[in-house]
Amino acid sequence: MANYKYIDSALIHGGISTDEFTGAVNVPIYQTSTYRQTGLGEEFKWEYSRTGNPTRTALEALIAELEGGTAGFAFGSGMAAITAVLSLFGSGDKILISSNVYGGTFRVLDKVFSHFNIGYSIEDTTDLAALESKITPEVKAILVESPANPLLTVTDLAAVAALAKKHGILSIVDNTFMTPYLQRPIGLGVDIVVHSATKYLGGHSDVVAGLVVVNDDALTQRLAFIQNSTGGVPGPFDSFLLIRGIKTLGVRLDRHVENAEKAARYLQNHKAVKKVYYPGLPGAQGYEINKRQAKNGGAMISFELYENYDIKKFFKSLRLVALAESLGGVESLVCHPASMTHAAIPYEVRQRIGITDGLIRLSVGIESIDDILADLDRAIAESEE
Ligand SMILES: *Cc1c(COP(=O)(O)O)cnc(C)c1O
């Protein structure tokens with residue numbers, strides 16, 4: 001149907017890419033909460049902007065096409081998207097989550113959904129036999145990230161999807177770190193894809209939003225109902241920013257990944273660095289699986305400095321690379337998972353799953369790689385004790 005074959009074109013022309021009312025090449029920001037109806041009982045397409053808004057609908061059609069699903073849903077944040085998906089479950093249900101899952105996903109299950117008697121357990125989703133042994137009758141879904149935050153742990157998505165199908169439960173993948181440009185879980189058999197669109201999809205660190213994609217009519221009906229009932233939708237302007245961001249996703253990611261590959265090799269050979277976590281490095285955990293299911297290793301790297309480097313001094317010494325939460329923007333960002341993104345996970349659990357106090361997570365931006373590496377190198381030198 002479309003007059004293009006490749007995702008690079010779909011990023012620009014996918015979904016509803018021109019305005020149906022004016023032909024404008026960009027879908028306008030329909031900044032309205034409601035719509036004038038033609039008469040009582042007459043048919044109308046637009047009703048109220050929690051239920052539907054043309055700018056948001058264009059974004060939803062775009063992400064559905066990019067992920068290869070049948071329907072997309074937009075939310076005011078990644079956590080609102082994840083909350084909507086978790087609202088599919090009820091009292092007595094249990095969800096298996098991967099051990100390096102996003103801290104906020106753990107927190108919402110641990111502190112919010114627990115009030116509704118929806119349980120969870122943290123599993124090593126790289127060990128499929130162990131994972132299968134945890135599928136008891138109350139388990140209704142497996143939620144994974146690959147690569148998972150922040151150790152970039154790779155899980156075999158096709159295998160998890162097959163396992164879920166075999167047991168009649170749902171597979172859910174948080175595809176934030178890869179985006180559909182690098183990895184498309186629905187094509188691997190996964191039921192539900194969620195995104196923090198705040199990251200690479202938006203790409204400019206100027207919008208907080210979330211997305212969900214499904215590939216099944218019953219799930220589409222249920223999620224549309226949850227989205228409209230719970231109401232965590234993004235406004236038209238944020239929807240516009242995401243459509244705009246997604247147009248350059250391909251060129252941005254090509255550069256992000258090129259820089260990340262160089263940074264990973266550089267850090268791997270640095271005398272101050274104990275370990276580099278990057279699924280694009282031969283020999284990394286899950287390297288072969290990642291190669292099979294994704295275009296490349298993405299642009300997120302974690303690394304651990306030796307104990308004789310002062311981590312606080314390292315962060316203080318950076319001048320170009322910013323210490324900040326979040327990732328996936330054009331600018332390079334670093335964070336300290338143990339005290340920032342994963343602070344919600346108890347200390348003992350963090351130690352057990354490898355999120356040590358010396359771990360640094362780097363979201364490699366699209367600046368000159370030479371400037372990025374010079375900044376890291378200087379900060380490392382200044383932090384040596
Ligand atoms: C940031 C993030 C989220 C949460 O998204 P928000 O937009 O911050 O609500 C969920 N999953 C992953 C992997 C993330 O990086």
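Which side chain has an N or O atom 2.6 Å from a nitrogen atom of the ligand? It is that of Asp-174, a polar contact in the sense of a pair of N or O atoms within 3.5 Å.

Colleagues, a word on the basis. The model is predicted, with local features requiring pLDDT of at least 70 and side-chain atom pairs pLDDT 80 or more, while totals for chains, interfaces and linings use all residues. Residues are numbered from 1 along each chain as its sequence is written, and side-chain values use heavy atoms, without hydrogens and water.

Let me continue with the ligand. Backbone atoms also take part: an N or O atom of Gly-78 lies 2.8 Å from a ligand oxygen, and a polar backbone atom of Met-79 is 2.8 Å from an oxygen atom of the ligand. The protein covers 91% of the 380 Å² of accessible area that the ligand has on its own (Shrake-Rupley method, 1.4 Å probe). Around the ligand there are 14 residues, counted if a heavy atom lies within 4 Å. Helix α3, residues 78-86, gives the largest share of this shell, three residues (helices are DSSP runs of H or I, at least four residues).

I turn now to enclosed space. A cavity is a set of points on a 1 Å grid over the protein atoms alone where a 1.4 Å probe fits but cannot get out, and its lining residues have an atom within 4 Å of a point. The second largest cavity holds about 40 Å³. Asp-174 returns here, lining that cavity together with residues including Ile-82, Val-85 and Leu-86. Helix α3 again supplies the largest share, three residues of the lining.

Terms used:
A polar contact is a pair of N or O atoms within 3.5 Å; within protein, one must be able to donate a hydrogen and the other to accept it, and residues adjacent in sequence count only if both atoms are side-chain atoms. Helices (H or I, at least four residues) and strands (E, at least two) are DSSP runs, numbered from the N terminus. On a 1 Å grid over the protein atoms alone, a cavity is a set of points where a 1.4 Å probe fits but cannot get out, and a pocket is an open set with protein on both sides within 12 Å along at least five of seven lines; lining residues have an atom within 4 Å of a point. Grid points are joined across faces, edges and corners, and a volume is the space filled by probe spheres set on the points.
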